[in-house]
Structure formats: structure tokens, C-alpha cells
Amino acid sequence: MHRRLVLKGIVALGAIAAWPRLLWASRPDAAFIADNADDAIMAVFGQMPVASEQIKLKIPDIAENGAVVPVTVSTDLADVESISIVVVNNPTPFVASFDMGPRMVPIVSVRIKMGQSSQVLALVKAGGTLYSTSRDVKVTIGGCGG
Amino acid sequence: MIRKYAFVTICISALAGCGQESSDSDVASPSDTFAESYAAAEAALAEAEANRNVWSKTDGILGQSKTAYDEGRTDDAIELANEARLQAEMALVQAISQKKDWKANLVLE
Amino acid sequence: MGKPIKIRAKIKGDFAEIKALMPHDMESGLRMNPATNQPYPAHYITDVVAELNGEVVMTAYWGQAVSKNPYVSFSIKGAVAGDTVTLRWNDNKGDSSEKEVVLK
Amino acid sequence: MKKIILPLCLIGGLLCGLTAMAGPEEDRLAMVEYYSDRFPDVPLQEFANGLYAFDTIAREQWIEMEDFPPYEIAIEDGQALFETPFANGKSYADCFENGGIGVKQNYPYFDTDAGEVVTLELAINHCREANGEEPLLYMIGALAEISAYMAYTSRGHEMAVKVPADKPGAVAAYAAGKQFYYTRRGQLNFACSSCHIQSAGLKLRADRLSTTLGQATHWPVYRSKWGEIGTLQKRFAECNSQVWAKPLEAQSVEYRNLEYFLSYISNGLELNGPGSRR
């Protein structure tokens, strides 16, 4: 156990040298408590996104159950640094952010909660610029669901 | 369709019965009336329970009746107890009538 | 110690696709407990770290709106058979879980 | 089918007189015919997938869920529970045919000695009690997980529930389950059949109603709405609540008979549990 920890420390040092960005990356807590999308985005990125057609946001138009909405974000943009998901009408809209190292293929899937119908944003930070695309998702009230 | 009508009629007669009960109670004190209404509701509920068909809101309404009484809202308490009794009686009517009438729902035979 | 992560890893040409399921309540802190009329306390995964052979390749930051028993899928370039992928999460109560798989 | 049965009845006289109602196999075939007519594009086995057999938007998300479904956690936990010996050194495997592996298709069955329907969940608790262990709660938790594991080992087997015609108790239990399915209950005055036969495939608010055929193949189920795995009888309780009827107790005689009827109707379909639903 101890040896493992030491080993990890060494590896981590290596990673710092190779990839300084991760050193300062930490959880953007302010974004997760912001109650509107713009504040959350500014809190993380310090800039508002520009629309891009090079981002693909795969999410159902009508969500089967707001508690579990499958989302996949992928992009053709180069030098991707992060992929984030924002549900505009959620009480705290900032859902998740993935810091992507250079070894990552720029695609992530995750299942998210949506409190109500909403615009959903996929944000991609690439080469220092923030890009986005959006989709409107309808969350229905379940009846039976057998 | 006819069956649905019959069901509604039964419900209405149950309602009528309920109205009668409250006019009887003009002479009794409110708390006696509550005790009677509550006991009647409990009895009706027990009978529905014995027939394995209770409506889902009834227990809650009876609970609300008890709370209202404890809080001194006796009129509300009586009204709620009567509502619970009415529901229990209708559930009983439903259970008994469906013991024969369920066959009407057989669409595939 | 949190419940173990379930990982499925598959090499697909020049990248490895990792899919993971993380048993966790992901309690938002907004859901009411009908018995007490108080919300259930928030309990959710705050960050997820993926490593390839001990090197961090992705760090994810999550809020309360990731679904219960979170599912995540991502892909790592140039990963080959024999490489080790490690996935670890931490939650807001200081709990964590870690799972390692060797690519085949 | 009726054409054949009728002359038989005339010949059989008394024997058929006892069962003036259609028998289980007739019921099942009538269901198959009814739903096949109603959903001509849906292959028979697809009915085991409930509303996803005909709701394409919901199906897409369901397939995505099934890619790495949350019930896998329950299967794994259930297997661990299943394989953990009791205090007396025996285990669940000792209680079941074939060590409990791949047997769910035979449940529920009618236990002639006890004179009652035995569901898989009841059998699991009987097993515990026979070995000096406390019974588990019936709708969720450890019992549902053990059931999920046993269901998983039974995938691909065809549902093979038996209602022996020479066992009046079994026939009566089936008939009682059938009667329950067609009995109006609750303040909304609905029978199971009101939704799932007459209105199958139609929308109830945002959901399409599943067909009776296939309703018993995929349990226990991880429902996103529940956020956990639950048994078929948990669903019965939920359906009853949805028509504003106070649910009966899980594993009550009524619910076991109902499960017996429903499971028989799914005979011939392959088991596909545990399942995930919205």
C-alpha cells in the first residue's frame, strides 16, 4: 500500500511536467452552485461560448425519464481541453465538466437528471476558445411506464 | 356503459345516506357527532378492507379527520370522517359488484 | 469506502473505449423525505479521475445532476492490450472508490 | 380454438361443465392472437420488451440504458448474496432444482401440498426460513437482488409455467388471478385489463401502455423512477396505487394468483430479466 502511494506520487510528478494544465485544474465549485447558466459558464471559463457546428450533442428530443437522460457529446474541433454539459432550466444548471488530456478521444457519454424541459448546452473548450451547441429536450410526466 | 351508470347511481345513493346522517346529528354535541362519524368511517373501512378493496386516499382522509379533531376543528373533522366513510362504502360496493361484473371486462372471450 | 466501480473496456482499433457504472445514490439535496419533511442530505460524486498506466488522462467534475448510479463512457487514444486503466471517484462526503482494469 | 373446444365440450359433457370459463391455454392463445392483430409489425418475442416493442423514441433510450444497465449492480450483489452460505452452512442452491440456476421460467408454480401459488420470491424466503434465517422484505433490496441474479441465469429460457388441469387448486388459483386482472379497483374504477388490454399501446400521458403478453418475462426491473431494482409485485402495488386503490401486501394470495395468471400468459416467450424500464 505504502509503496503504491509513493509510486503514484512519482507518476504524478511526471504528469505535472508533461501536462501542466492539470496541475491547476480543480473543481469549479462556483459553477455548480450558480443558479443560472451564464453565471456558471463565466465562473468556469471566464468567457461566453461561440456557436459551433463542429460539436455533436446526442440527446433524446423527448426524455423518457428526467431522472436518467443519456447524453453524448463529441467534437471534430482540435486541441480539445474540456467538454461540459449545462441544463439551462435545472436549479443549478452546470451538470458536469470533463477535462480532457491529450490522450483522450473527444467524446464522452453520461446520464444526467433534468428537472423539466430545457435547453441543453454542450460546451467544448478547444485551443483556448469556448464553443457550444444546444438542443431542446422535452421532459414528460410519466404515466405508467410498464 | 350501463354498468358505469349503475356505479354512479350507487355512489349517489351512498352520498344521500351520508346527508341523512348529518341531519340526525343536529341534536348531538359536535364531539359526539365526530365520535359517531369517525366510528362509522372506521367500520366501513374495516368492511372494505375485509373485501380487499380500499381506495388509496381513504386512510389519509381518516387521518386528516383525526388531526382536525385534535386541533379543535371539529366541523372539518366530521366532514372528513364522512368523506372517508363514503369512500369506504363506495369501495365496498365496487368490490361486491365486481365479484360478478368483472366478466363484463373480458374483451377476449 | 464506496461501492466498487464496474468497468467494461474494449480496444477499438487505435483507441480503447471505457464504459463504467458507479453505484452511488447521487442524492441532490433537493429531494424531500416525506417522513421528516426535510430534504435528504446531498450526497454525490464531485470528481472522477481516469488514468492510463498511472498517468491522468481525464478529470471530470460533477454536480448533483448526474443520474443515480452514474454511467460514463470515454475513449483513450493509443491504449493497447496490457495497459492499465484506473478509474476513481470522490464524493462530497469524503467517500471514494477506485477500480483498475488491464486492457485485453 | 373455440371451434375445436365446443364439440369437445358437447362430448365431454360434465367434464367441460366444470370449466365453463376458457382454460389457461385458450386464454394465452387468445392474447397472442389479439396482440398480434393489434401490432402486426411486432414479432412475438418483442412483447417481452413491454412498451419498447412499439414506442420507437422510448426504445432508443432503453437500448442506450441496456448498453450498461444499472441492474448489473443488482445482479452482481444478488450473486454474492446467493452464494453466501447460511449460518447452518447450507445455501440457496440447496433449496432449488439445478442449484437455482436457470429455473425462473418454472415460477410461479402451484404447490399442491400447501395448496398455494409459490412465486420465486416466496420460494427464496421459504428457503431462508427452512435454514433458520429471517425472511427478507419482498419488494426491493436483497430479495430483489437475489431474484435478479436468478433471473439473469434464466435468460433465454422460455417461460414454462404450468397450470395442471387435474389439480383443481391450481386451476382455481389461475382463475382467481385472471379475475383480479379484470376486476375494477380503486377510486378511478380501473381494472388491469382496462389499460393493458383495451388500451395497450395507447398513450397514458407520456407513456404507452404495455401489453399483458410479456408483462411477466423481465422481472425484477430497475425502474429509473424507482432508482432501484424491484420485483413484479412492487409493480402490482404501484399499478394499484395509480388507479387510486390501496395496494395489497406483496406476496398476498391475490398478488401471487395474479402473478401466476400473468406468467402463464407469457408462456413461450423467452425470459429477459432483469430488465430496465423508465
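The exercises below work through salt bridges, one helix and a pair of domains in a predicted model.

Local features are given only at pLDDT of at least 70 and side-chain atom pairs only at pLDDT 80 or more, while totals for chains, interfaces and linings use all residues. Residues are numbered from 1 along each chain as its sequence is written, chains are lettered from A in the order in which they are written, and side-chain values use heavy atoms, with hydrogens and water left out.

**Exercise 1. Salt bridges**

Task: State how many salt bridges the structure holds over all chains, and place the pair Glu81(A) and Lys125(A) in the chain.

Solution:
1. A salt bridge is a side-chain nitrogen of Lys or Arg within 4 Å of a carboxyl oxygen of Asp or Glu. Over all chains there are 31 salt bridges.
2. Glu81(A) and Lys125(A) form one of them, at 3.7 Å from N to O. Glu81(A) belongs to strand E5 (residues 80-87) and Lys125(A) to strand E8 (residues 118-126) of chain A, 44 residues apart, and the pair links distant parts of the chain. Helices (H or I, at least four residues) and strands (E, at least two) are DSSP runs, numbered from the N terminus.
3. Buried means under 20% relative accessible area, exposed over 50%, and partly exposed in between (1.4 Å probe, protein chains only). Glu81(A), at 18%, counts as buried, and Lys125(A), at 21%, counts as partly exposed.

**Exercise 2. Within a helix or across chains**

Task: Find where the partners lie in the pairs Glu89(B)–Arg85(B) and Glu249(D)–Arg52(B).

Solution:
1. In the salt bridge of Glu89(B) with Arg85(B), the closest N and O atoms are 3.2 Å apart. Both residues lie in helix H4 (residues 74-101) of chain B, four residues apart, about one turn of the helix.
2. Arg85(B) is buried at 8% relative accessibility; Glu89(B) is partly exposed at 26%.
3. Glu249(D) and Arg52(B) form a salt bridge with closest N and O atoms 2.8 Å apart. Glu249(D) is in the loop between helix H10 (232-242) and helix H11 (253-265) of chain D, and Arg52(B) is in the loop between helix H2 (30-50) and helix H3 (58-70) of chain B, so two chains are joined by the pair.
4. Both partners are partly exposed: Glu249(D) has a relative accessible area of 43%, and Arg52(B) one of 23%.

**Exercise 3. A helix of chain D**

Task: Compare the reach of helix H3 (residues 24-38) of chain D with the expected value, and name some of its buried residues.

Solution:
1. The expected span is 1.5 Å times one less than the number of residues. This helix has 15 residues and reaches 21 Å from its first C-alpha to its last, close to the 21 Å expected.
2. Its buried residues include Pro24(D), Met31(D), Val32(D) and Tyr35(D).

**Exercise 4. Two domains of chain D**

Task: Describe how domain 1 and domain 2 of chain D meet.

Solution:
1. Domain 1 covers 2-69 + 161-277 and domain 2 covers 72-153; such bounds come from an automatic or database domain assignment.
2. In contact (heavy atoms within 4.5 Å) are 27 residues of domain 1 and 26 residues of domain 2.
3. Buried area is the accessible area (1.4 Å probe) that two parts lose on being put together, summed over both. Here the buried area is about 2200 Å², and carbon and sulfur atoms give 66% of it. Ile229(D), Gln251(D) and Arg256(D) supply 24% of the area that domain 1 buries against domain 2, more than any other three residues.
4. One salt bridge is counted between the domains.
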